[in-house]
Amino acid sequence: MATERPVVFVVDDDLAMREAVQDLLASVGMDVRLFASTQDFLQAQRPDAPGCLVLDVRLPGASGLSFQEELPRAGVDLPVIFITGHGDIPMTVRAMKAGAVEFLSKPFRDQELLDAIDAAVERHRAQRRETALVAELRQRFAALTQREREVMALVSTGRVNKQIAAELGISEATVKVHRGQIMRKMQAKSLAQLVRIADTLGLSTPRP
């Protein structure tokens with residue numbers, strides 16, 4: 001995944017700005033997709049690759065700021081970089097609170113945009129790695145038996161074998177067998193790692 005070529009999506013109704021950004025990014029070997037409107041962007045096919053969205057604040061119809069808030073509902077998880085010729089502090093605060101990577105005022109230096117894109121792409125790579133990891137862990141968890149899931153949940157809350165055995169009405173020897181199977185199936189090399197996995201999957205609950 002880390003070697004995938006990133007894709008930068010640019011949404012700006014200013015043709016000259018779109019072309020200038022395209023020339024800049026193409027000069028450093030980036031894959032660039034240009035759109036004049038948010039509707040065009042949403043209707044286009046997006047490759048399954050790391051990337052980011054360079055978004056103008058002032059757009060026909062809904063503003064870029066409003067569009068940023070709609071992205072999760074549209075199933076778009078791309079980090080956003082705003083560019084604007086009419087920015088102000090409230091706009092910047094709103095954008096950054098909503099998770100924007102950067103808010104650049106036109107005219108900006110080429111290196112400012114390139115640095116922002118690098119940061120956004122790295123953020124997206126990390127998000128994609130985390131998503132892939134959680135999906136893999138869920139797949140491993142699905143391979144556990146119902147009893148093994150119960151034991152794993154109790155182990156993750158700090159219960160020892162004797163307590164687990166009493167709570168589930170089984171022998172300590174059986175608990176040990178289940179724990180061994182859980183460690184193998186979840187590919188956990190230590191109890192600490194198993195607890196972290198359980199926490200990632202949302203299995204850990206405070207011990208009563």
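**Aromatic contacts and helix packing**

F41 is buried, its relative accessible area being 0%. The model in which this residue is described is predicted. Burial is shared by F9, and F67 likewise counts as buried, at a relative accessibility of 3%; the cut-off for this class is under 20% relative accessible area.

A pair of aromatic rings is described by the distance of the centres and the angle of the planes. The structure holds 5 aromatic pairs. In one of them, F9 and F41 are arranged edge-to-face, with 5.6 Å from centre to centre and 75 degrees between the planes. This pair links distant parts of the chain: F9 belongs to strand β1 (residues 7-11) and F41 to helix α2 (residues 38-43), and the two are 32 residues apart. Both F9 and F41 are buried. F41 also pairs with F67, again edge-to-face, at 6.1 Å centre to centre and with 85 degrees between the planes. Because F41 lies in helix α2 and F67 in helix α3 (residues 64-70), this pair ties together parts that are 26 residues apart in sequence. Ring pairs join F9, F41 and F67, along with F35, into a cluster.

Two arginine residues are placed over phenylalanine rings. R46 lies over the face of F41, 5.1 Å from the ring centre. F41 therefore combines this contact with R46 and a relative accessible area of 0%. The charged end of R149 sits over the ring of F141, at a distance of 5.3 Å from the centre of that ring.

Helix packing is described for α6 and α9. Helix α6 (residues 146-156) packs against helix α9 (residues 191-200) at an angle of about 105 degrees, and their axes are 9 Å apart. The two helices are therefore roughly perpendicular, the range for this class being 65 to 115 degrees. On the α6 side the contact involves M152, V155 and S156, which meet L191, L194, V195, I197 and A198 of α9. By class, the contact of α6 with α9 comprises 7 nonpolar residues, 1 polar residue and no charged residues.

A further residue, A26, is located in helix α1 (residues 15-27). With a relative accessibility of 49%, A26 counts as partly exposed, since exposed requires over 50%. A26 and R196 are 170 residues apart in sequence, and their C-alpha atoms are 41 Å apart in space.

Key. Residues are numbered from 1 along each chain as its sequence is written. This is a predicted model: local features need pLDDT of at least 70, side-chain atom pairs count only at pLDDT 80 or more; totals for chains, interfaces and linings use all residues. Side-chain values use heavy atoms; hydrogens and water are left out. Rings of Phe, Tyr and Trp (its six-membered ring) pair if their centres lie within 6.5 Å; planes under 30 degrees apart count as stacked, over 60 as edge-to-face and the rest as tilted. Helices (H or I, at least four residues) and strands (E, at least two) are DSSP runs, numbered from the N terminus. Buried means under 20% relative accessible area, exposed over 50%, partly exposed in between (1.4 Å probe, protein chains only). A charge sits over a ring if NZ of Lys or CZ of Arg is within 6 Å of the ring centre and within 35 degrees of the ring normal. Axes are lines fitted to C-alpha atoms, for helices over the stretch in contact, and angles run from 0 to 180 degrees between N-to-C directions. Angles under 35 degrees count as roughly parallel, over 145 as roughly antiparallel, 65 to 115 as roughly perpendicular and the rest as oblique. Contact means heavy atoms within 4.5 Å. Ala, Val, Leu, Ile, Met, Phe, Trp, Tyr, Cys and Pro count as nonpolar, Asp, Glu, Lys and Arg as charged, and the others, Gly among them, as polar.
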